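Dear colleague,

I am passing on the structure we spoke about, placed just below, followed by an account of what was found in it. Please read the account with the coordinates open beside it.

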Amino acid sequence: MNTIYTAAPSQTLIGNLNDFYRWLDGFINFEKRPHNKAFSLEVIGYYAALFSNPQTAYKTVHIAGSKGKGSVAAMLSALFSESGYKTGLYTSPHVNDFRERITENSRFFSNAAYLETFRAVRQGVLPHIGKETEPQPSWFELVTLTAFMLFRQERLDWAVFETGMGGRLDATNIVQPEITVLTPIELEHCEYLGNTIPLIAAEKAGIIKAGIPVFCSRQPNSALEVFRGRAEALNAPLFYLPDFIETIEHRLIPQGREVTIRFSAAHPVGALFKRPLHAILPLFTPVQAENAALAAAAFKYRFPDMPEALIESGLSKAWLPARFQLLSTKPLIVLDGAHTHNSIQTCADTFFSLLNNGSGTPIGSDVPPNAKPMLVFACAADKNPADFAPIFYDKVGYLYLTVPGAFKKGNLEKTVGAFTQVFGNENSAVMEASEDFNAVLKKAFTQSIAENRPLLITGSFYLAAEAQRVYSAEGFQDRGTQG
């Protein structure tokens with residue numbers, strides 16, 4: 001049995017939130033660095049049982065996918081909350097504050113509530129740490145256990161759980177959901193999940209439960225085949241988004257993305273809607289239109305009598321940090337945690353559309369002529385920057401390359417090589433690279449505001465977190481116009 005606790009168990013009591021975070025840091029964290037631990041639900045099952053299985057104290061929704069699962073989770077949480085249900089939301093990673101992972105519909109619980117749960121988790125787990133005869137938890141397993149516990153402690157009605165990685169062996173996969181949701185599949189975490197779409201889809205399909213309805217986003221055919229096969233084997237009804245949607249119209253406006261969703265009356269899910277939905281999403285990228293349709297359909301299926309107006313209102317309140325987040329409108333400064341090819345492409349397309357007034361809005365219209373925008377880019381060491389560099393070719397005037405931050409390992413040399421090969425020597429963009437991400441971000445913000453030059457920061461949630469921290473700590477929010 002692998003022992004993965006890496007520091008001597010501290011006997012210090014949990015006096016404040018930071019004490020708990022420091023205790024957690026003694027455990028292997030797969031978000032921070034790879035590890036050869038064999039994944040198993042045995043560990044989370046063992047520790048949940050120690051606390052009388054808190055994940056059974058409320059109804060749940062379970063979401064897996066390569067992209068969009070955080071946004072869909074936020075939308076469903078907002079819909080439950082709008083309906084009067086006390087709703088927990090468990091997502092990852094966090095951007096500014098650990099508590100972002102475990103919230104009541106994106107709002108923090110009281111510090112006293114977090115502290116009570118943190119103390120209970122540590123007190124219950126500590127006697128088992130370091131014992132070779134017992135399974136040893138990872139960082140994420142302990143965080144997931146903490147979410148289970150806090151949601152029970154606060155007497156929630158519903159909780160929406162986003163998987164951390166994969167699905168079949170993800171620590172969240174001991175919940176017994178009332179609804180399962182699958183968002184689009186891409187190649188990601190190949191060292192753990194497999195290096196083909198069908199292999200990754202098989203891992204995500206592991207959250208499908210016998211007889212539980214599955215709502216599935218638009219997928220590559222090879223992924224859809226896996227999902228349909230798994231659902232059929234478990235007698236779980238699968239509802240595929242293109243089958244129950246008639247049309248989705250959307251456009252970019254200063255407030256976000258205005259969407260109109262028409263459902264197919266010939267489909268049993270579409271027939272539940274008495275009229276089309278119209279809402280303004282505070283999430284800007286085009287894919288959010290389909291995310292909203294998926295969340296609305298799953299919710300309406302579970303609550304067929306909920307009025308369309310309530311669904312529209314709930315969708316209009318769903319928001320997550322670092323999902324095309326506007327820090328400023330003049331100059332336009334956007335940070336986005338996109339880290340797969342399709343999500344970075346979507347982020348870039350949305351950013352340049354705002355600049356080009358593709359939405360018919362004045363955002364970015366005060367940009368001086370010939371002032372090409374700036375890009376700060378960093379990606380994790382396990383990503384291939386050669387997939388991302390072409391997205392920005394000939395579109396930026398200043399290119400700042402760095403690493404994702406102190407928490408996540410990057411490979412700046414590989415990133416610089418990839419962008420240099422694509423941009424070449426004749427491109428007019430000014431390229432700078434440094435592992436001092438703090439200095440890079442400060443310089444980019446200062447230049448953007450001084451020159452009224454648009455700025456996009458993307459490639460990693462960890463870079464987005466560092467950018468938000470620098471932006472606030474250095475007072476840049478007082479110099480630009482808030483979005």
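Phe20 and Phe118 are both buried, and since this is a predicted model, that statement, like those that follow, concerns computed coordinates. By the rule applied here the count comes to 40 aromatic pairs, and Phe20 and Phe118 form one of them, a stacked pair with 4.1 Å from centre to centre and 10 degrees between the planes. The pair links distant parts of the chain, given that Phe20 belongs to helix α1 (residues 17-24) and Phe118 to helix α4 (residues 111-125), with the two positions 98 residues apart.

The two helices that carry these rings pack against each other at an angle of about 35 degrees, their axes being 9 Å apart, and α1 passes α4 in a left-handed crossing. On the α1 side the contact is made by Leu17, Phe20, Tyr21 and Trp23, while α4 contributes Asn111, Tyr114, Leu115, Phe118, Val121, Arg122 and Val125.

For the overall setting, the protein has 15 helices and 16 strands, and 59% of its 483 residues count as buried. Among the contacts with a separation of 6 or more, 74% are accounted for by residues 24 or more positions apart.

One of the sheets you may wish to look at is open and built from three strands in the order β8-β9-β10, with antiparallel pairing. Because β8 (245-253) and β10 (277-281) stand at the edges with a single partner strand each, one side of each is left without a neighbour in the sheet. Neighbouring strands here are turned against each other by 15 degrees on average, if direction is ignored. The pairing of β9 (residues 256-263) with β10 is antiparallel and extends over five bridges, and within this part of the sheet Glu258 stands opposite Ile280 in β10. Helix α10 (residues 287-302) lies across β8, β9 and β10, and runs at about 50 degrees to β9.

Two cases of a charge over an aromatic ring may also be of interest to you. Lys300 lies over the face of Phe273, at 5.8 Å from the ring centre, and the charged end of Arg302 sits over the ring of Phe303, 5.0 Å from its centre.

Next comes the backbone. Most residues other than glycine have a negative phi, and most peptide bonds are trans, so the following four places deserve to be listed separately.

- The peptide bond from Ser92 to Pro93 is cis, with omega near -5 degrees, and Pro93 lies in the loop between β2 (87-90) and β3 (102-104).
- The peptide bond from Lys330 to Pro331 is likewise cis, with omega near 0 degrees, and Pro331 lies in the loop between β11 (325-329) and β12 (332-336).
- Asn53, a residue other than glycine, has a positive phi near 50 degrees; its place is in the loop between α2 (41-50) and β1 (59-64), and with a relative accessible area of 29% Asn53 is partly exposed.
- Asn452 is not a glycine either, yet has a positive phi of about 50 degrees; Asn452 is found in the loop between α14 (437-451) and β16 (455-458), and counts as partly exposed at 21% relative accessibility.

A last position to inspect is Pro321, which is found in the loop between α11 (308-315) and β11. Is Pro321 buried or exposed? With a relative accessible area of 13%, Pro321 falls under the 20% limit and is therefore buried. Which residues is Pro321 in contact with, once its neighbours within four places in sequence are left aside? They are Val95, Glu100 and Phe461. For Glu100 the separation can be given in two ways, as 221 residues from Pro321 in sequence and as 9.0 Å in space, C-alpha to C-alpha.

With kind regards

Conventions:
Residues numbered from 1 in each chain as written. Predicted model: local features only at pLDDT ≥ 70, side-chain atom pairs only at ≥ 80, totals over all residues. Heavy atoms only, no water. Pairing = 2+ DSSP bridges. Helix = DSSP H or I, 4+ residues; strand = E, 2+ residues; numbered from the N terminus. Axes fitted to C-alpha atoms, helices over the stretch in contact; angles between N-to-C directions. Contact = heavy atoms within 4.5 Å. Phe/Tyr/Trp six-rings, centres within 6.5 Å; stacked < 30°, edge-to-face > 60°. Buried < 20%, exposed > 50% of the residue type's maximum accessible area, 1.4 Å probe, protein only. Lys NZ or Arg CZ within 6 Å of the ring centre and 35° of its normal. Left-handed = near helix turned anticlockwise from the far one by under 90°.
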